[in-house]
Amino acid sequence: MTDVLQQTQQLERDFLLPTYDRFAVQFERGEGAYLYDVEGKRYLDFLSGIGVNALGYGHPAISAVLHQQADKLIHASNLFYNAYQGKLAQKLCAISGLDKVFFANTGTEAWEAAIKMTRLYAARLESPKTKLLAMKNSFHGRTIGSISTTGQDKYRKPFEPAMPDVVFVDFNDVADLARKFDDSVAAIMLETIQGEGGVQPVSKEFLLAARELTKKTGALLILDEIQCGLGRTGKWFAYQHYGVTPDIVTIAKPIAGGLPLGAMICSNAVAQTMKPGLHGTTFGGGPLACAVALEVLNVIESEGLLAKAKTTGDYFAAKLSALAKKNDCIRNIRGMGLMVAAELDSADVAKATVVTMLEKGFVINRTNEKVLRFLPPFVITTGHVDQLVAALGEVLTTCVSKQAENAHA
Ligand SMILES: *Cc1c(COP(=O)(O)O)cnc(C)c1O
């Protein structure tokens, strides 16, 4: 271990709130799909900063816009106009099929805006509805509104009391949804593909049922695409694979090339309930983040990255499925486009696999205990996929033999 890393670790131990149990790696720079640590060791990145760095690292177009705009203006406040917020909103409406945008800084703030819009929308009624149907095994962020609608105890329980009137539904269980839905429900809210929950896509049957139920009573359908949205699945939005349009969608992670930016996009009917002064943010939608985000969307289009996410993602899933056939550690392969998961038999093996892969120079991630999650940059190639799957095959063979040894011991 280098002095540099040791010094960093000591400083953090002394002065930082220990919110993360970090791996013993300090990254210094990136290039394309590769990251380099302080020792100069190279890693192939299949996580992209948890779904953020869709264009990989050091993209020249992003770097150019970032420098130009930083020289001109970084921040001026939402009390004034800037050149990019309107243009970016126009683009997001065009690709989402929705009508109006609110810019925040993070995913959880975008989700908070969705919850607040639900309250405003319900306020038009004589007796406003407040009940929200959210999903078990979901994840929507770390603020109180977000954890209140997050159906995993580990994120919510330590911070209770949560926001009242949230009912959790078994994800993809249409009967449970129908049983819990009634006229008092203000919104059904879900991730189109559960991310932290282990890469679990919503079933077509469930999403169509949610759309139909909400249409009948005037409740809202709210989709969280903070992780799966903006091209990762091969379409701009994952809901576009289902032929369903929500009333509200939230996005964030990949939108501004690694700068913090989130957005809540909604229909005109929902948007009509907003008035100046009711909601806001100091930083959200600033000129720097919005200028970069416009360029990110341009590059996704000009480099054909939606199609590439689909073809490379399909290739990746097929390769993993082939590996799963001959490897007892892997129970299931699932995903859409470049949001892919390999569920293993054991949480311990999954945990060890991430560490061993890191030693071998591959950044991957584990979520929901047993699930290896892959969120590579869209610029990843089939050659990169071959390297990753070959390495994973080697590591998981070790796991099998280790398990067998343990069983004998
Ligand atoms: C990451 C994530 C969030 C929270 O985003 P932050 O930027 O960390 O606040 C919310 N929902 C989903 C689906 C996410 O993946």
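**View 1. Backbone contacts to the ligand in the predicted model**. An oxygen atom of the ligand sits 2.8 Å from a polar backbone atom of T108. G107 also contributes its backbone: an N or O atom there lies 2.8 Å from an oxygen atom of the ligand. The protein buries 82% of the 380 Å² that the ligand exposes when taken alone.

**View 2. The shell around the ligand**. T106, G107 and T108 belong to this shell. So do F139, H140 and G141. E191, D224, I226, Q227 and K253 complete the set. By class, the shell residues divide into 6 polar, 3 charged and 2 nonpolar. D224 offers a side-chain contact: one of its side-chain N or O atoms is 2.7 Å from a nitrogen atom of the ligand.

**View 3. D224 and the pairing of β10 with β11**. Strand β10 covers residues 220-224. β10 and β11 run parallel and are joined by 3 bridges. D224 stands opposite T250 of β11. The side chain of D224 also contacts the ligand, with an N or O atom 2.7 Å from a ligand nitrogen.

**View 4. Strand β11, covered on both faces**. β11 spans residues 248-251. I248 and T250 lie on one side, and both are buried. V249 and I251 lie on the other side and are buried too. β11 also pairs with strand β12, residues 262-266, in the antiparallel sense. That pairing counts 4 bridges. Within it, V249 has I265 as its bridge partner.

**View 5. Cysteines without a disulfide**. The structure holds 0 disulfides. The cysteine sulfur closest to that of C266 is in C93. The two sulfurs are 8.3 Å apart, so they are too far from each other for a bond. The cut-off for a disulfide is 2.5 Å between the sulfur atoms. C266 counts as buried because its relative accessibility is 2%. C329 is buried as well, at 3% relative accessibility.

**View 6. T149 in the loop between α6 and α7**. Helix α6 covers 144-148 and helix α7 covers 153-156. T149 is in the loop that separates them. T149 has 0% relative accessibility, so the residue counts as buried. The T149 side chain makes a polar contact with the side chain of W111, at 3.0 Å. The T149 side chain also reaches the backbone oxygen of S146, at 3.0 Å.

Technical notes:
Residues numbered from 1 in each chain as written. Predicted model: local features only at pLDDT ≥ 70, side-chain atom pairs only at ≥ 80, totals over all residues. Heavy atoms only, no water. Buried < 20%, exposed > 50% of the residue type's maximum accessible area, 1.4 Å probe, protein only. Near = heavy atom within 4 Å. Polar contact = N/O pair within 3.5 Å; in protein donor to acceptor, adjacent residues only side chain to side chain. Areas by Shrake-Rupley, 256 points an atom, 1.4 Å probe, with all protein chains shown as cover. Nonpolar A, V, L, I, M, F, W, Y, C, P; charged D, E, K, R; others polar. Helix = DSSP H or I, 4+ residues; strand = E, 2+ residues; numbered from the N terminus. Pairing = 2+ DSSP bridges.
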